[in-house]
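Welcome! Take a moment to look over the sequence and the 3D view, and then use the briefing that follows as a guided walk through a few spots.

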Amino acid sequence: MELFALIVKQDAGMLQSERDYVSAFLQKQLTHQSADEFMTLFLENAGPMAGTESKASAGSSSVRDSIRIFHNCTKINKTLTQEQRVIVLMRCFELISTDKQYTPQRMNIINTIAEVFKISQEEFTAISLFVRENQPEAFSDPSMLVVSTGHPSETADKGSFVVFLKIASVNLYFFRCFCSGTTLLNGLPIACGKVYTFAPGSSVHTPPATMLYYSDITSRFMADKNIHRITLVADHLNHCFIDGTPAITDLSFSAREGSLVAIMGASGSGKTTLLNLLTGLIKPDSGEVRINGIPITGGEERLDGVIGYVPQDDLLVEDLTVFQNLWYAAALCFAGRSDEELTSIVNGTLQTLGLFEKRNLRVGSPLNKVISGGQRKRLNIALELIREPSLLFLDEPTSGLSSSDSGNVMDLLHDLTLKGKLVVTVIHQPSSEIFKGFDKVLVLDMEGHLVFYGNPLESIVHFKTLETQINRAAGECPACGNVNPETIFDILETRVVDEYGRLTEKRKVSPSEWAKAFRETSPPTPVHEEHETPYSGLHRPGWLRQTALFLMRDMKSKLANRQYMMLTLLEGPILGLILSYIIRYIADPSSDIYIFRENENIPVYIFMSIIVALFLGLTISAEEIFRDKKMLRREHFLRLSRSSYLLSKISVLSIISALQTFLFLVVANPMLGIKGLFFPYWLTLFSIALCANMIGLNISSALNSAISIYIVIPLLMIPMMVLSGAMFPFDKLNRSIARPDRVPLIAELMPTRWSYEALMVKQFTGNEYDKRVYPLKQQMSISDFNTIYRIPRMLEALDKSIENLSYRDSPDTENSELRLLRNEIGTISASGIVSPFEATDSVTPGLFTEELGSRIREWITGADREYRRVSHIADMSLDNYVSSNREALDILYNNYHNDKLEDIVRKVYERNKMLEFRDRLVQNADLIYLEPVPSGPLRIRTHFMAPVKNFLGLTIDTFTFNTMLVLFSVIVLYILLYFEVLRKIIRYFENLRFQKQGRAGLK
């Protein structure tokens, strides 16, 4: 008001027209009381009214007034945005224009205001011309647009017209109308010749001309701009849900650059499905979506970086700051940029979005907010905005936001369209202002029928007209200019009234009828599709750079979450302390001295260590990909390397697993007195934890909810516990899965089986005591089993076979004894303890004779003598070694050997030391000493607790082989994860179920 007053007091004083302008301005902007207060302030500063005579120029304004003018401009400059400063300048111009008093004093003040407000000379000249002129030919500035609104027979200079002014620096539009009839702005009458702002969503109606919409004016200004052209065409789209229910039905529309398109519809009408079809996330059953003539489902490479996608849910990494979220998004889009350049780009984007002051704040979660909901939404949009995609899709960007935050988001989207972008968004229950701000709305009815596509205000008129309402020509409220978008859905879902006047559940007009009515009233027009390749500013970094960026982002995210890191790192040592403290058993109740050999809980500890590693590996990985699914959907449009993302995840998880298992063993092993085997223990636990990481990532990628993931974890862990060999002996399992001579096939698929066997065998054969005596004990065990069990049974089979010779011609002749004899002769021959029996091939029912039996008996007797000799030598060697090193061995025996573990690996308490299976003798005790017989280069299945494994002609110790096999399973699981095999299997069965349900429903 002071600024207005200082302007009008110049020359001979204030005119009545200027006083009336200020009064009308205040009455329009403020309440009556506030308007009176500010009017009093204005009159106090403006001085007396001028006389009726013409004002004479009184020279320059006083120094005091000049200082006050500059002071007021400076204050305004600090508190208002640039857009508001332009409006102030426009109102000052309009003030002196009321009586055409463009005197030097007044114009000097206007020039001062423009200079302080930093308004360019070109825009100042355009504003001056726009306010002062009244004839259409005078509005020749490139920033102006004259639109004739009179009868077509009238010329522009004689008929009615409106003129628009664009202030490009702030994307602000003004207009003036020069019309003979009543002109309506947003449904409200306006004065001829006055200056009005033309905000997004505004419309001007100058009968008899058609309505002028904001989008029409912006597109006219944009027509001559050098922008990247883009067209989006949906051509007869049809899509059904899995159960056969129509989701989108014969939908066609097109949109161009510089447009803000809203997809509206009732719940379940297919809005999100349509958005997913337009983005290419799902493929239509028929029809296609094209961008500049390129099918979206077949031209992915040409459309790289063209599409941006902002889902309804957050895409933010909660533990990173606002700046870090945006920085990593930028780094994944701009290859070859230095860190300084990326920082500059990010800071510029944050300043544009009003987030610069929040850049160092952690984003937080929606339930644990650090930044507001509106700021989160703007940051989500910024993740896409920073690379400036030509086509941006958003799913309910204003959902859950306040009216002010919603307005800020919509302003941001409008700014994008002014840059030539095409923005398509799903919107739910928009306010009047937001609804009018769209250039076009696409209204869907149930089953995805397109029932309207066009200007928002025309949509209200369209449905009112079809329903033949009295005020059908009015799209806006005549009193306030607002519109109610709910009117559309109230009309669409109008229910039939029964004979009692009550509403029924039956709709008055079906969706297909509404769609038909729209096609009849708005027949499709030919679409001019652009055919040049759409512009894309995307420059993906290389594979290594992507991997490094993903790795850095994941590491920083986890390190920033101090609670997560503290619990993750303390979990291992705490579990190790609890477990080892509880099972630290002292056999002698009268002693406090702990002896490792006597602790019967060591085998249980080994098993529980593996389960702890399995549990830790699963829990830290089970939600990793699930949490990132929405982010991955966005990054799908960038076509980033999946292997880079997965390897970065695996790297971070492997580091965490390595630390967890290390800290677990650092606490637990010393507590239990396990010495000398720290690295084998750590490698085994780390390998099983890494395998669990991969299992967790697979289920995280395949399942769609956290609840499902944590339900699946016990279903995975329990079979691995049961089939590890620790809880139940494999030969005592159900006959349908168990075999006495080797580990059941289903158990071979369990990584816990390999890890448990590896540690048990390593603990027994690799400790400082047993590795000294193991070779001798192995010779004694093999010899004793053959002399005590195998050879007596072979002699028994030989006797029965000779006895059965007299019944050779009988159909009931028993040949199993002969087959057993033949097989066991082969076993002893392969052992190398005696020379092989040369006539093994003759041990058959047709060739077996008493003479051959005698030769076999003599050979078996020789083998028995040789086994006894070997056993005696080994026994004597062991006695001599022990007696000569008794004191040292006693110490090693107590500190490194464990009696309970020996009982388990040797199966000391097994009653059936030998079993017969498929005409073979199966050793069922002292299996830790029994080396498997090679049976093929890839046949690795053996009995449980075998000391070595045979593979590709090599003999490999069990610990090394089993650990390598578990690590190999990590590679297999990675391949399954990369190709999403588990997810595809689950989806296949889900589709199969829904298809069956759909067919059943049709019946």
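Helices and strands here are DSSP runs, numbered from the N terminus, with at least four residues for a helix and at least two for a strand. Please keep in mind that this is a predicted model. With those names in hand, we can visit two sheets, a surface patch and several single residues.

**Two open sheets**

- One open sheet has four strands in the order β1-β2-β3-β6, and its pairing is antiparallel.
- At the edges of this sheet are β1 (144–148) and β6 (196–197), each of which pairs on one side only.
- Strand β3, covering residues 172–178, runs antiparallel to β6, and two bridges join them.
- If you look at that pair, you will find Phe175 opposite Tyr196, which belongs to β6.
- Another open sheet, also antiparallel in its pairing, has four strands in the order β5-β4-β7-β8.
- Its edge strands are β5 (188–190) and β8 (212–213), and each has a partner on one side only.
- Strands β4 (residues 183–185) and β7 (residues 203–205) form an antiparallel pair over two bridges.
- Here Leu185 stands opposite Val204 of β7.

**A nonpolar patch on the surface**

- A nonpolar patch of about 1,000 Å² lies on the surface, and the residues that make it include Phe968, Ile971, Tyr978, Val981 and Phe989.
- Two elements, α33 (958–978) and α34 (981–1002), give two or more residues each to the nonpolar patch.
- Which helix gives the largest share of the nonpolar patch? That is α33, with six residues.
- Ile971 sits in helix α33, and Ile971 is partly exposed, with a relative accessible area of 48%.

**Arg634, a residue to look for inside**

- Arg634 is part of helix α22, which spans residues 629–636.
- Is Arg634 buried or exposed? Its relative accessible area is 3%, so Arg634 counts as buried, a label that applies under 20%.
- The side chain of Arg634 makes a polar contact of 3.5 Å with the side chain of Glu384.
- Setting aside neighbours within four places in sequence, the residues in contact with Arg634 are Tyr309, Leu315, Ala329, Leu383 and Glu384.

**Two loop residues with a positive phi**

- Most residues other than glycine have a negative phi, which makes the next two worth a look.
- Lys118 is not a glycine, yet its phi is positive, at about 60°.
- You can find Lys118 in the loop between α6 (104–116) and α7 (121–132).
- Lys118 has a relative accessible area of 69%, so it is exposed.
- Asp919 also has a positive phi, near 60°, in a residue other than glycine.
- The loop that holds Asp919 runs between β21 (914–916) and β22 (921–923).
- With a relative accessible area of 24%, Asp919 is partly exposed.

**Asp784, in a helix**

- Asp784 belongs to helix α28, residues 770–803.
- Asp784 counts as partly exposed because its relative accessibility is 30%, and that label covers values between 20% and 50%.
- Not counting residues up to four places away in sequence, Asp784 touches Tyr789 and Ser871.
- How far apart in space are Asp784 and Ser590? From C-alpha to C-alpha they are 39 Å apart, and in sequence they are 194 residues apart.

Definitions and conventions
Residues numbered from 1 in each chain as written. Predicted model: local features only at pLDDT ≥ 70, side-chain atom pairs only at ≥ 80, totals over all residues. Heavy atoms only, no water. Pairing = 2+ DSSP bridges. Patch = residues over 30% accessible without salt bridge, like charges linked within 9 Å, V, L, I, M, F, W, Y side chains within 5 Å. Areas by Shrake-Rupley, 256 points an atom, 1.4 Å probe, with all protein chains shown as cover. Salt bridge = Lys/Arg side-chain N within 4 Å of Asp/Glu carboxyl O. Buried < 20%, exposed > 50% of the residue type's maximum accessible area, 1.4 Å probe, protein only. Polar contact = N/O pair within 3.5 Å; in protein donor to acceptor, adjacent residues only side chain to side chain. Contact = heavy atoms within 4.5 Å.
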